[in-house]
Amino acid sequence: PKTLIPDAILGQHTLDNPLIWHGVGLAGWPRVDQFNEYQYPNKKTGEQIHMIWTDTPCWTTCWNGGNRFIEAMRHPSIEFFLAQHPWFENDCMFADIILPISTKFEQLDVANDTCNGNFNLFYIEPKCIETIGEAKSDWEAVCEVAKKLGLFEEYTKGKTEEDLVKIGFENSGIADRISWEDFKEAGYYAVPTQENWEDLARGFGPFCEDPEKNPLESPTGKLEFYSASLEEHFPGDDERPPYPKFIPFGERHQESLLHPRSETYPYLIISNHPRWRVHANMDDISWLREIPTCKVNGPDGYKYEPIWVNPVDAEKLGLKDGDIAKLFNERGGVLGGIIVTERVRPGVLYQDHGARLDPIVAGELDRGGANNLIAPAKTASKNTSSEVTSGYLVDIEKVDVFELARQYPEAFSRSYNAAEGIDISNWFV
């Protein structure tokens, strides 16, 4: 699971001291997978990770414990790091080589109108424009590398880009309703309303009417308030007991105002999926960055990620609208611009996750406000691979950005465009 990549690299695990976890950590997999045990390194080979090749280089602001991941990427055991991406997002800063990838507008593909498989519309995405520069699709980029390794035929199995698109069509569930040729000509297929849909059972109606004849997919076939499976497989897990109850803190997590750590870090941070972007995607769109709640204009002309603070806390901390502050804990710090509002309660701070990295000191302090960096690195409990990216302890203090600029002249003198954010030319040679 992605949450365990830093542990796999930094732990330097061996067959005699493996990293062990339960479940693949993938949403949508069968319930019983969470009880399957896995380990790293692989039992057959004992190999460790020596290279990273990513086409989703946004780990540091999509997952938890981002600073620990930065430490892992810089570990001596990682001999080479390749990223392929249309834009310069986050983890690309640590790559040795970046392959330029074309956008959806430059590729032939198929898609549907939902993300959960229950689509109403399946359609072809034709190329809107010809590919710009030397960019290639993710598949084409891998093909070029395969050619150099003499593995092109083995990798492609003789298939073209259109062949791959056709495979998507054939596995969509509509191939028995419309031919490939007709689908290509029409460009889309709209799933018709099922006949006699008015007579279909509604939701959990059959279960409610007769639970014995219409069981649920739970182990007992009924609604469960007590998980016999958790009790059987993970007895004694105080952080994930077989029935839900309030747990202020536990063996792995002390991110609670009831824990003594709160004397040092007295605020809980709420970090939602951002309103104005998808993780780091769209953090460089000028129209969105003009919205007052998207970014806060700092006195140095930099657009900072907002931090919402309740007026009660703002008065106590000496903060006002437009001030720049640092959120921090023992895992590092990130900057942000203050918005004083009663839409967040006292004792709680709010900053969206997913801002693009702009390291002042990589692994320690970030100007962009990428607070995943300082989220707990540990998973939610010892028997899960789930992440913790909200509701953890931090402190906050006002900062003088001009004083920081004197301390870190290199970071603060980088080329910067307020309309779009960081200038990627700062990192390229």
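This section describes the predicted model of the chain, from its overall composition to its sheets, surface and salt bridges.

The secondary structure of the predicted chain amounts to twelve helices and 20 strands, and the C-alpha trace extends over about 65 × 60 × 55 Å along its principal axes. Of the 429 residues in the chain, 41% are buried, while the surface that the chain exposes comes to about 24,200 Å², with carbon and sulfur atoms supplying 53% of that area. Among the contacts with a separation of 6 or more, 62% are accounted for by residues that lie 24 or more positions apart.

One of the sheets is open and consists of three strands in the order E3-E4-E5, paired in parallel. Strand E3 (51-54) and strand E5 (97-100) form the edges of this sheet, each of them pairing on one side only. On average, and with direction ignored, neighbouring strands of the sheet are turned by 10° against each other. The parallel pairing of E3 with strand E4 (residues 80-85) runs over four bridges, and within the sheet Ile52 is placed opposite Phe81 in E4. Helix H3 (residues 138-148) packs on the sheet and touches E3, E4 and E5, and the direction of the helix makes about 140° with that of E4.

Attention then turns to strand E18. In this strand, which covers residues 392-398, five of the seven residues are buried, so E18 is largely enclosed by the rest of the structure. Strand E9 (residues 267-270) pairs with E18 in the antiparallel sense over three bridges, and here Tyr392 in E18 is the bridge partner of Ile269. Strand E13 (residues 324-329) also runs antiparallel to E18, to which it is joined by four bridges; Phe328, a residue of strand E13, stands opposite Asp395 in E18.

The surroundings of Phe328 can be described in further detail. The relative accessibility of Phe328 is 18%, and because the limit for a buried residue is under 20%, Phe328 counts as buried. When residues up to four places away in sequence are not counted, Phe328 touches Tyr265, Gly333, Ile374, Val394, Asp395, Ile396 and Glu397, and one of these, Asp395, is the residue that stands opposite Phe328 in E18. By contrast, the C-alpha atoms of Phe328 and Gly298, which are 30 residues apart along the chain, are separated by 19 Å.

On the surface, a nonpolar patch is formed by Val278, Met282, Ile285 and Trp287, which together have about 420 Å² of accessible area. Trp287, a member of this patch, lies in helix H9 (residues 286-289) and is exposed, with a relative accessible area of 71%.

Charged side chains provide a further set of interactions. Side chains of opposite charge can pair when their charged atoms come close, and the structure holds 24 salt bridges. In one of them the side chains of Asp358 and Arg414 meet at 2.7 Å, N to O. Asp358 lies in the loop between strand E15 (348-350) and strand E16 (359-361), whereas Arg414 lies in the loop between helix H12 (409-412) and strand E19 (416-417), so that this pair ties together parts that are 56 residues apart in sequence. Asp358 is buried, with a relative accessible area of 4%, whereas Arg414, with a relative accessible area of 23%, is partly exposed.

Another salt bridge is formed between the side chains of Arg406 and Glu403, at 3.0 Å, N to O. Arg406 and Glu403 both belong to helix H11 (residues 401-407), where they are three residues apart, about one turn of the helix. Arg406 counts as exposed at 57% relative accessibility, while Glu403 is partly exposed, with a relative accessible area of 33%.

Salt bridges that share partners also join Glu255, Arg261, Glu330 and Arg331 into one network. Within this network, the side chains of Arg331 and Glu330 meet in a salt bridge at 3.6 Å, N to O, and Glu330 counts as partly exposed at 46% relative accessibility.

Key: Residues are numbered from 1 along each chain as its sequence is written. This is a predicted model: local features need pLDDT of at least 70, side-chain atom pairs count only at pLDDT 80 or more; totals for chains, interfaces and linings use all residues. Side-chain values use heavy atoms; hydrogens and water are left out. Two strands pair if DSSP finds at least two bridges between them. Helices (H or I, at least four residues) and strands (E, at least two) are DSSP runs, numbered from the N terminus. Axes are lines fitted to C-alpha atoms, for helices over the stretch in contact, and angles run from 0 to 180 degrees between N-to-C directions. Contact means heavy atoms within 4.5 Å. Patches are made of residues with over 30% relative accessible area and no salt bridge: like charges are joined within 9 Å, nonpolar side chains (Val, Leu, Ile, Met, Phe, Trp, Tyr) within 5 Å. Accessible areas come from the Shrake-Rupley method with a 1.4 Å probe; for residues, only the protein chains shown count as cover. A salt bridge is a side-chain nitrogen of Lys or Arg within 4 Å of a carboxyl oxygen of Asp or Glu. Buried means under 20% relative accessible area, exposed over 50%, partly exposed in between (1.4 Å probe, protein chains only).
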